[in-house]
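The following exercises practise the reading of a protein model, step by step. Please examine the sequence and the structure before attempting each task.

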Amino acid sequence: MIDVRETIPVPMINVINGGVHVADGNLKIQEFMIRPIGFRSIEEALTASEKVFSVLGDIFIEKGYISGKTNRDRTSFGNEKGYNPRNIKSTQEALEILESAIGGSGYILGKDFDIALDLAASEFFNKDPQYPGMYEIEPGIFVDTDMLIVYLEDLVSDFHVNSIEDGLD
């Protein structure tokens with residue numbers, strides 16, 4: 001197989017929105033993206049990505065986080081058109097569901113896809129006067145910069161996160 005990281009551009013496809021991109025929701029991270037890394041052409045990469053997006057939507061419907069039967073009539077999208085899964089409990093749950101969608105589409109996380117995150121950390125840094133200089137990584141959970149770095153290192157190792165944008169304020 002050709003190593004696409006050296007032969008074709010690898011898109012970052014926004015599939016889950018959180019943070020300020022949604023009107024409601026528990027996710028502090030702004031964008032969860034998939035990166036199709038194991039494909040020979042951009043057409044294969046985009047076709048596979050659409051399949052993952054569709055399966056992800058099916059999982060969110062099954063869990064009651066969004067409504068609709070097809071990608072066209074599904075509701076609960078963020079302002080950048082990733083799913084806005086209402087009532088999702090945590091970043092960990094979002095990544096576990098994303099991992100399930102990749103596997104449920106017949107692909108392997110770390111071989112066919114990896115994950116990218118746009119934290120937009122400035123949007124959840126220093127926002128609560130009771131916790132100055134802290135990041136609210138989940139509703140009601142505040143960490144300092146060192147703890148945030150450890151948290152991100154865990155996400156990288158547990159979920160094949162390959163890219164983190166705006167990880168710190």
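**Exercise 1. State where Asn 87 and Asp 166 lie, and describe their backbone and exposure.**

Solution. Step 1: Asn 87 is situated in the loop between α1 and α2. Helices (H or I, at least four residues) and strands (E, at least two) are DSSP runs, numbered from the N terminus. The model is predicted: local features require pLDDT of at least 70 and side-chain atom pairs pLDDT 80 or more, while totals for chains, interfaces and linings use all residues. Residues are numbered from 1 along each chain as its sequence is written, and side-chain values use heavy atoms, with hydrogens and water left out.

Step 2: Although Asn 87 is not a glycine, its phi is positive, at about 70°. The residue counts as exposed because its relative accessible area is 58%. (Buried means under 20% relative accessible area, exposed over 50%, and partly exposed in between, with a 1.4 Å probe and protein chains only.)

Step 3: Asp 166 belongs to the segment after β6. It too is not a glycine and has a positive phi, of about 50°. With a relative accessible area of 43%, Asp 166 is partly exposed.

**Exercise 2. Determine how many helices and strands the protein has, and in what order they occur.**

Solution. Step 1: The count gives three helices and six strands.

Step 2: Read from the N terminus, the elements follow the pattern β-β-α-α-β-β-β-α-β.

Step 3: The protein has 169 residues, of which 47% count as buried. Of the contacts with a separation of 6 or more, 61% come from residues 24 or more positions apart (contact means heavy atoms within 4.5 Å).

**Exercise 3. Describe the four-stranded sheet and the pairing of β2.**

Solution. Step 1: The sheet is open, with the strand order β1-β2-β3-β6 and mixed pairing. Two strands pair if DSSP finds at least two bridges between them. The edges are formed by β1 (13–17) and β6 (161–165), each of which pairs on one side only. From one strand to the next, the twist averages 25°.

Step 2: Strand β2 (residues 31–36) runs antiparallel to β1, and four bridges join the two. Within this pairing, Asn 14 has Met 33 as its bridge partner, and Ile 13 has Ile 34.

Step 3: β2 also pairs with β3 in the antiparallel sense, over six bridges. Here Ile 34 stands opposite Ile 115.

Step 4: In a regular strand the side chains alternate between the two faces of the sheet. In β2, Glu 31, Met 33 and Arg 35 point one way, and Phe 32, Ile 34 and Pro 36 point the other way. Six of the six residues of β2 are buried.

**Exercise 4. Is Gln 30 buried or exposed, and what does it touch?**

Solution. Step 1: Gln 30 is located in the loop between β1 and β2. Gln 30 counts as buried because its relative accessibility is 10%.

Step 2: Along the chain, Gln 30 and Asp 118 are 88 residues apart, yet their C-alpha atoms are separated by 5.8 Å.

Step 3: Residues up to four places away in sequence are not counted; among the residues that Gln 30 touches are Ile 16, Asn 17, His 21, Asp 118 and Leu 119.

**Exercise 5. Describe how α2 (residues 91–104) is arranged against α1 and against α3.**

Solution. Step 1: The axes of α1 and α2 come within 8 Å and cross at roughly 125°. Axes are lines fitted to C-alpha atoms, for helices over the stretch in contact, and angles run from 0 to 180 degrees between N-to-C directions. The two helices are therefore oblique. (Angles under 35 degrees count as roughly parallel, over 145 as roughly antiparallel, 65 to 115 as roughly perpendicular and the rest as oblique.)

Step 2: The contact includes Val 52, Leu 56 and Phe 60 of α1 and Ile 97, Leu 98 and Ala 101 of α2.

Step 3: The axes of α2 and α3 come within 11 Å and cross at roughly 15°. These helices are therefore roughly parallel.

Step 4: Thr 91, Gln 92, Leu 95, Glu 96 and Glu 99 of α2 meet Tyr 151, Leu 155 and Phe 159 of α3.
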